[in-house]
Amino acid sequence: MAVLSMKQFLEAGAHFGHQTKRWHPAMAPYIYGAKGGIHIIDLRQTLRKLKDAYDFVKKSSAQGQTVLFVGTKPQISRVVREEAERCNSSFVNYRWLGGLLTNFSTVRESINRLQQYEDMAGEDFSYEGVIKKEALRVERKRVKLELSLGGVKTMRSLPTMLFVLDAHKEHLAIKEAQKLGLTIVAVADTNCNPNSIDCIIPGNDDSPRAVFLYANVIATAILEGRGELAKNRKEEASAPKAKVVSAAGQAPTPEAPVVEPPALESAEAKAASAAEPPAPEAPVAEAKAASAAEPPAPESAAGEAPDTATESAASA
């Protein structure tokens, strides 16, 4: 935020309010006193509230929210357009169209028609290929739409915040924003109702120099918030690439050999041994079968030997 002093606000006439008979009682906390039938606004609160509004808008812009500038007084319309264009925001500086927010779908059709007229006019508004009578008719319509919708023709969706430079004159815009639940940041003079404003900036809303100070601070907050948003997105996008590069730059560390625990090996060996049939049992069974198939020859020979010996002994 640019350093603003109370002297700058005094020179810009930001402390002058309206006549005492036209004041709003809810603005009493922001009034310093009265002189010559004119209320004097407390600039200490103006500086403090402007700093709060700056922080709030900057934080909201860093979250990707959009702001719509609203100020249709003739003496401040140029300031509204310049500051809104500086921060690439939408604006309304000629006349607030009823239903601009609550009936945005219909307004969007008028914006599309304005873009068609601009395409017919060309870059230098020469209307090449269009007859003169038709060109004059389209140009009148284009100028009329440009005054009312020229600042919002790039707005593709509803904004999330309104920055109003005269809360009393732009009461229709504030009512529509309240109906849609949009955040309202507004400059409130002594004749305004601050109860309908989310973030109030007490100050003179008729002086072009004072309005320039308010709009310049808010536009700077939007630019700084968008800068932080772009920086955060860039860091998020580059974070995975940085990890890959650092991992590739390191020398590959040799992996330690995987040693299976002995408990698992013994269990596997037991399972394998249990699955295999016992080897010694097969030869024993074959031997038994072979011995059972052979005739008992040795037993008969052994039985004959004693009979022969008996016979020889008897003959002797």
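Tyr 94, Val 143 and Leu 147 together form a nonpolar patch on the surface, with about 270 Å² of accessible area between them; such patches are made of residues with over 30% relative accessible area and no salt bridge, nonpolar side chains (Val, Leu, Ile, Met, Phe, Trp, Tyr) being joined within 5 Å. A salt bridge here is a side-chain nitrogen of Lys or Arg within 4 Å of a carboxyl oxygen of Asp or Glu, and accessible areas come from the Shrake-Rupley method with a 1.4 Å probe, where for residues only the protein chains shown count as cover. Tyr 94 lies in the loop between β5 (90-92) and α4 (104-121), and with a relative accessible area of 45% Tyr 94 is partly exposed, a class that falls between buried, under 20%, and exposed, over 50% (1.4 Å probe, protein chains only).

The model is a predicted one, in which local features need pLDDT of at least 70 and side-chain atom pairs count only at pLDDT 80 or more, while totals for chains, interfaces and linings use all residues. Residues are numbered from 1 along each chain as its sequence is written, and side-chain values use heavy atoms, with hydrogens and water left out.

The chain has ten helices and eight strands, taken as DSSP runs (H or I, at least four residues, for helices; E, at least two, for strands) and numbered from the N terminus. Of its 316 residues, 36% are buried.

The largest nonpolar core, a set of buried Ala, Val, Leu, Ile, Met, Phe, Trp, Tyr and Cys residues joined through side-chain atoms within 4.5 Å, has 35 residues, and those with the most contacts inside it include Leu 68, Val 70 and Trp 96. The elements that give two or more residues to this core include β4 (67-70), α5 (132-149) and β6 (161-164), but its largest share, six residues, comes from α4. A second, separate core of 34 residues includes Val 79, Met 161, Phe 163 and Ile 222.

Val 79 also appears among the buried residues of helix α3 (residues 77-86), which are Ser 77, Val 79, Val 80, Glu 83 and Ala 84. Seen down the axis of α3, these residues fall within an arc of 160°, so they line one face of the helix, the arc being that of the directions from the helix axis to the C-beta atoms. After α3 comes Asn 88, whose phi is positive, near 60°.

Asp 42, in the loop between β3 (38-41) and α2 (43-62), is buried, with a relative accessible area of 10%. Leaving aside neighbours within four places in sequence, Asp 42 is in contact (heavy atoms within 4.5 Å) with Tyr 30, Ile 31 and Tyr 32.

Conventions:
Patch = residues over 30% accessible without salt bridge, like charges linked within 9 Å, V, L, I, M, F, W, Y side chains within 5 Å.
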